[in-house]
Amino acid sequence: MSEQITPGSEVAAEPNPTTSATTVEAPVSPVRRLLSGSAGRNLGLVLALVLIVVVGAITAPDTFTTTSNMLTILRQASIIGVISVGMTFVIIAGGIDLSVGSVMGLASIAATLAVTQDLAENFHWIVMVVFALATGLAAGLINGIVIAYGNVVAFMATLAMLVAARGLAEILAERRTLTIGSRDFINFFNEDFLGVDILIWIFALVAVGGWVLLNRTTFGRRTVAIGGNREASRLAGINVKRHTVWLYALAGLTAGIAAVMILGRTTAGTSTHGQLYELDAIAAVVVGGTLLVGGRGTITGTVLGVLIFATLTNVFVQNNLSSSVQAVAKGVIIIVAVLLQQRFAKQGGRSSS
Amino acid sequence: MTKSFAGVRALKGVDLDILPGEVHCILGQNGAGKSTLIKMLAGVHRPDDGEIAWLGEPVEIHDPQAAIDLGIATMYQELDVVDGLTVAENVFLGHELARGGFSRRSEAAKRTRELLARLGHARLSPHTEVGSLSAANKQIVSMARALSHDIKLIIMDEPSAVLDSEEVKNLFHVVNELTSEGIAVVYITHRLEEIRQIGDRITVLKDGRSMANGLSVAETPTADLIRLMTGRTVENVFPPATPIAADAPTVLDVDGLGLTGAFEDVSFSVRAGEVVGLAGLVGSGRSEILETIYGARRATAGTVSVAGTTLRRGSVVAAVAAGVGLSPEERKSQGLVLDEPIYVNVTLASMARFAKGGFLDERSARSVAREQIEALELRPADPDRAAVTLSGGNQQKILLARWLVHGTRVLLLDEPTRGVDVGARTEIYALIRRLAAEGNAIVVVSSEIEEVLGLADTVLVVADGRILTTVPATEIDEHGVLDLVMKGAAA
């Protein structure tokens, strides 16, 4: 008899065996169901975003609400956004990936090394993209294999990768900035499509792809199931270890995509690209309503979380507030979001029992 | 001292009174409500109804600290000692001796030494790290902690479960020591022979009710105790077993299976349409046997084959692919993704079948779930309801539906009716028989011997990780099994 007693879960976890078989519950109206579900939580995020936009429009009426400023916000959100989509999967499955920022730096170096650039010159700039993506994927696979088959906790495995990938990037780059020679590469990633930057399109594509993957595929369903109950998933015959490897590979791949994007924006690879991006991504994912313990989360929420931080930064910049003030505000937002989340989680648990 | 409760979910009416200086044994099968009862006394759970009187005054025990303040200490089965701390630090955990924030280590060591001496263990050093101690000595540390408070009642939850016979003798010595100082001991066990040795009075629990309260140990024959422990308050209806076809092939063949530290040399086979029941006490290795067959634990010896094909050791994926399904012991922590809807849980093992090229076909998943809901009378009949909102019986039906949808040849059912009410039990029994009739080979584990006997064609009696006997269910009764099990456990 080893039942664990956790007072919080008690209410939801023990339906009354004698009565609930016949319990007739009041029909829940579709509106209430919507509001209490993930859509409701996302609605809160939309409201928060609207509030920030309103504050921006009031405090900087001339500059904030222009189309070009809106595009700036989206452009700034795009790179963190792509990483956050990958991070969402890892966190929903109950894991964490601290290495994405470093891996992004490493991938940016791999794509801009002299060897790679020579190849690109002789063949096509797409070679650089392939190298960046392959580097991200490989780092993610290593993370996944160490975590799944080495039974190393994700925090430590990816912390090790964070340190090692950054170091490897420095060695390969010899601590220099590697400028991109290919004009075509730079031009491609700085062009517009229908008046919107390519970087924003990439973010949109990754977000939509992530949404489909999470909500419409067996991969997504398994991710949620593993995060919700790892042991039950294992006992239902899901290959949890293999799935874990793919999850971190996915996160690594998004870091590779982010590396390509930052190369396009900065026209050079350096080992310092992506520093602390992992923390921004985790913050966006958590603010977006994904539970750090896993089992619940949405891509829509993550995108909103990313946009909230990007817009907020923009509002601060428009009002000439220092980045230190921004940092404090970010911290406050993270705590408030998590506190609200716990509130929701408790209510959700209660209303469902 | 009197305590009585009523109306708690796991407990439906328990009366218990404890006298100073007595050893009061609580006897009951697994799931009888013993743990819930002591958790209420310890302040972990609160009774919904009824009252607790302490030294004649009605009291409410809000939290574990309140229990300790009253003078009630509890020794849980999973010992609550901190391995990384020393004996003395563990004894004064939570009420450290300190002056101005600095711990008084020599004073703590001295008082710990006194307590250990009182328990007849003066040889234990207060400075030893607890992690290096044996289970028996950890228990002593736990008791010393209880005594470091001014207690009048100590509750021991199956303290002998982790001890060998010499250590049990020593434990009894300590218990006598405590009672001679006027401290009451509530001793929980399912080993009858221990009650004979140290008990003064017995309260028997069954299905959350006290069947008998404060029986004198000396005047109650063992047969009566077994009858009280097993005597049912409700009659379970077992459907008739369909005879197994004479030419039914062997589907599951377990040969010499072993798992170091849990069980060894387990061999049996199950034919299509046959239900084999494993009867034994908690800790006898029943669940471990099922989980090892399933590959959830990696066997250290022997083989499992399904329809002639040997399964890869330690691979659930291989077992599921071969058509083996497990309904695990802990439905909530091992079986269901609680926050996910019914249809997701039902299709969890066969997700790929409800997808095309990796993309989910939610409509067919829902419609299959709806079919199962109808066939199994799962309530509420809404495939989108989260599994957490369902009763135990309906949650069990989800697990059975999962394997019905997947299609199995071998079904391993661990405690299929734990936490399931009487009405739903009958349905689940019928379902299990139906699955057998459809040609599944079924292995059932249950703490309720009656259930094993009622469901199974063949019964394997398990004790201490070994199969004691294999008999047709018709040739053994509940008392026979209990006799075997008790003897096996004592040996």
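**Exercise 1. Contacts and burial in chain A**

Task: State what share of the contacts in chain A between residues at least 6 apart in sequence join residues at least 24 apart.

Solution. Among contacts in chain A between residues at least 6 apart in sequence, the share that joins residues at least 24 apart is 80%. Two residues are in contact if their C-beta atoms, placed from the backbone, lie within 7 Å. The model is predicted: local features need pLDDT of at least 70, side-chain atom pairs count only at pLDDT 80 or more, and totals for chains, interfaces and linings use all residues. Residues are numbered from 1 along each chain as its sequence is written, while chains are lettered from A and ligands numbered from 1 in the order in which they are written.

Next, burial. Chain A has 353 residues, and 49% of them count as buried. A residue is buried if 20 or more other C-beta atoms lie within 10 Å of its own, exposed if 12 or fewer, and partly exposed in between; here too C-beta atoms are placed from the backbone.

Last, secondary structure. Chain A has 16 helices and 4 strands. Helices (H or I, at least four residues) and strands (E, at least two) are DSSP runs, numbered from the N terminus.

**Exercise 2. A helix pair in chain A**

Task: Work out how α7(A) and α13(A) are oriented to each other.

Solution. Start with the helices. In chain A, α7 covers residues 126-148 and α13 covers residues 240-266. Their axes come within 6 Å and cross at roughly 150°. Axes are lines fitted to C-alpha atoms, for helices over the stretch in contact, and angles run from 0 to 180 degrees between N-to-C directions.

Now classify the angle. Under 35 degrees counts as roughly parallel, over 145 as roughly antiparallel, 65 to 115 as roughly perpendicular and the rest as oblique. Therefore α7(A) and α13(A) are roughly antiparallel.

The contact of α7(A) with α13(A) holds 21 nonpolar, 8 polar and 1 charged residues. Ala, Val, Leu, Ile, Met, Phe, Trp, Tyr, Cys and Pro count as nonpolar, Asp, Glu, Lys and Arg as charged, and the others, Gly among them, as polar.

Finally, α7(A) passes α13(A) in a right-handed crossing. A crossing is left-handed if the near helix is turned anticlockwise from the far one by less than a right angle, and right-handed if clockwise.

**Exercise 3. Two helix pairs in chain B**

Task: Find the orientation of α4(B) and α5(B), then that of α13(B) and α14(B).

Solution. Take α4 (residues 105-118) and α5 (residues 135-148) of chain B. Their axes come within 9 Å and cross at roughly 110°. That makes α4(B) roughly perpendicular to α5(B). The crossing of α4(B) and α5(B) is right-handed. From α4(B), T112(B), L115(B), L116(B) and R118(B) meet A144(B), L147(B) and S148(B) of α5(B). By class, this contact of α4(B) with α5(B) has 4 nonpolar, 2 polar and 1 charged residues.

Turn to α13(B) and α14(B). Their axes come within 10 Å and cross at roughly 120°. α13(B) and α14(B) are therefore oblique to each other. On the α13(B) side, the contact is made by V368(B), Q372(B) and L376(B). On the α14(B) side, K397(B), L400(B), A401(B), L404(B) and V405(B) take part. The contact of α13(B) with α14(B) has 6 nonpolar, 1 polar and 1 charged residues.

**Exercise 4. Backbone exceptions**

Task: Locate a cis peptide bond in chain B and give the phi of E174(A) and of D464(B).

Solution. Recall the rule. Most residues other than glycine have a negative phi, and most peptide bonds are trans.

The cis bond joins R379(B) and P380(B), with omega about -5°. P380(B) sits in the loop between α13 (362-376) and α14 (392-406) of chain B.

E174(A) is not a glycine, yet its phi is positive, about 50°. Its loop lies between α8 (154-173) and β1 (178-179) of chain A. E174(A) has 9 C-beta neighbours inside 10 Å, so it counts as exposed.

D464(B) also has a positive phi, near 50°. Its loop lies between β23 (458-463) and β24 (466-472) of chain B. D464(B) has 17 C-beta neighbours inside 10 Å, so it counts as partly exposed.

**Exercise 5. One strand residue**

Task: Decide whether V443(B) is buried or exposed.

Solution. V443(B) is in strand β22 (residues 441-446) of chain B. With 28 C-beta neighbours inside 10 Å, V443(B) is buried. Beyond its neighbours within four places in sequence, V443(B) contacts V270(B), V276(B), L278(B), L290(B), L412(B) and L413(B).
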